[in-house]
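Me: I should like a close look at one part of this model, namely its empty spaces, open and enclosed, and what lines them. Please give the cut-offs as each term arises.

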Amino acid sequence: MDELAEAYAYPAAARARPWLRANMVTSLDGAAQHEGRSQPISSATDMRIFGTLRALADVVVVGAETVRLEGYRPARAREAFAERRAAAGQGPAPAIAVVSASLDLDFTAPLFTAPLVPTLLLTGAGAPPERVRAAERAGAVVVLAGDGAGVDPARVPEALAARGLTRQLTEGGPRLLGQWVAAGVLDELCLTVSPLLTAGDAQRIAGGPGLAVPARFALVSVLEEEGFLYTRYGRI
């Protein structure tokens, strides 16, 4: 774990400003999921990296649809990272922050009833008041990051940083990642390339409207095991 933690350590810049890192997996033919979930194209090492990236982060940001599809649970404390997190001034586990305009979520789920740290809900000022009240009754913390009904992706990193959460990790889904890319706020992409072909019509890792000018990233590192490539790219 120590070697992976060093390989994926946040840069020093993340101590002073928000640093948004994405973690995604893709098949050889560009699918981000198989039968609606990412797990079938993942691997044991990919899941170890998944856990390491979570253990290094202050907050994990995820879209509401991914929470529903993947059955998201609270991040857990990992003994192997306890000393590292304490030295970095972090709590026992990262907070989970869910991006949702409607707040149409199951507030009786473990993500809201049993987190080590309260789950955050990123929403707009126009969110339904009754859902805001239900979220707060469940113990969630509502964070406004938009003036209207929806969330402004460009405002999310700073809204989280204002709460001291600068080391940010997003795990999707594809629509949310596409919004980060379009807003120009994604600093880093950790991408696992799986040696599998799925065909079908599954989503790519990022969806939504295309950019007029593609965003350029540079390769930071690449690891390989059993045909899987574990890559890390940084924004230029």
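Reply: Helices (H or I, at least four residues) and strands (E, at least two) are DSSP runs numbered from the N terminus. The model is predicted, so local features need pLDDT of at least 70 and side-chain atom pairs pLDDT 80 or more, while totals for chains, interfaces and linings use all residues. Residues are numbered from 1 along each chain as its sequence is written, and side-chain values use heavy atoms, without hydrogens or water.

The UniProt record, an unreviewed entry, lists residues 18-221 as "domain: Bacterial bifunctional deaminase-reductase C-terminal" (such annotations may be inferred rather than shown by experiment). Over that span the chain is 27% helix and 21% strand, and the C-alpha atoms at the two ends lie 21 Å apart.

The largest pocket (an open set of points on a 1 Å grid, with protein on both sides within 12 Å along at least five of seven lines) has a volume of about 1,100 Å³, counted as the space filled by probe spheres set on the joined points. Its lining (residues with an atom within 4 Å of a point) comprises 46 residues. Nearest the centre of this pocket are T66, E70, Y72, E171 and G173. Two or more lining residues come from each of β1 (19-27), α2 (44-56), α3 (64-70) and α8 (174-183). By class, the lining holds 20 nonpolar, 14 polar and 12 charged residues (Ala, Val, Leu, Ile, Met, Phe, Trp, Tyr, Cys and Pro are nonpolar; Asp, Glu, Lys and Arg are charged; the others, Gly among them, are polar).

The second largest pocket has a volume of about 540 Å³ and is lined by 21 residues. V181, R204, I205, A206 and L211 lie nearest its centre. At least two lining residues are supplied by α8 and at least two by β7 (188-194). The greatest contribution is that of α8, with 4 residues. Here the lining divides into 14 nonpolar, 6 polar and 1 charged residues.

The helix α8 thus takes part in lining the largest pocket and the second largest pocket. Within α8, the residues P174, L176, L177, G178 and W180 are buried (under 20% relative accessible area with a 1.4 Å probe). These buried residues are covered by elements that include β1, β2 (59-63), β3 (95-99), α7 (156-161) and β6 (167-170) (contact being heavy atoms within 4.5 Å). Of these covering elements, β1 is also one that gives two or more residues to the lining of the largest pocket. Just after α8, G184 takes a positive phi of about 70°.

As for enclosed space, the whole structure contains 1 cavity of 30 Å³ or more (a set of points where a 1.4 Å probe fits but cannot get out). The largest cavity holds about 40 Å³ of space. Y8, N23, I49, C190, L191, T192, Y230 and T231 form its lining. Both β7 and β9 (228-235) give two or more residues to this lining, and the largest share, 3 residues, belongs to β7. The lining of the cavity has 5 nonpolar residues, 3 polar residues and no charged ones. The strand β7 therefore recurs as well: this strand contributes at least two residues to the lining of the second largest pocket and two or more to that of the largest cavity, under the DSSP assignment given above.

Key:
Buried means under 20% relative accessible area, exposed over 50%, partly exposed in between (1.4 Å probe, protein chains only).
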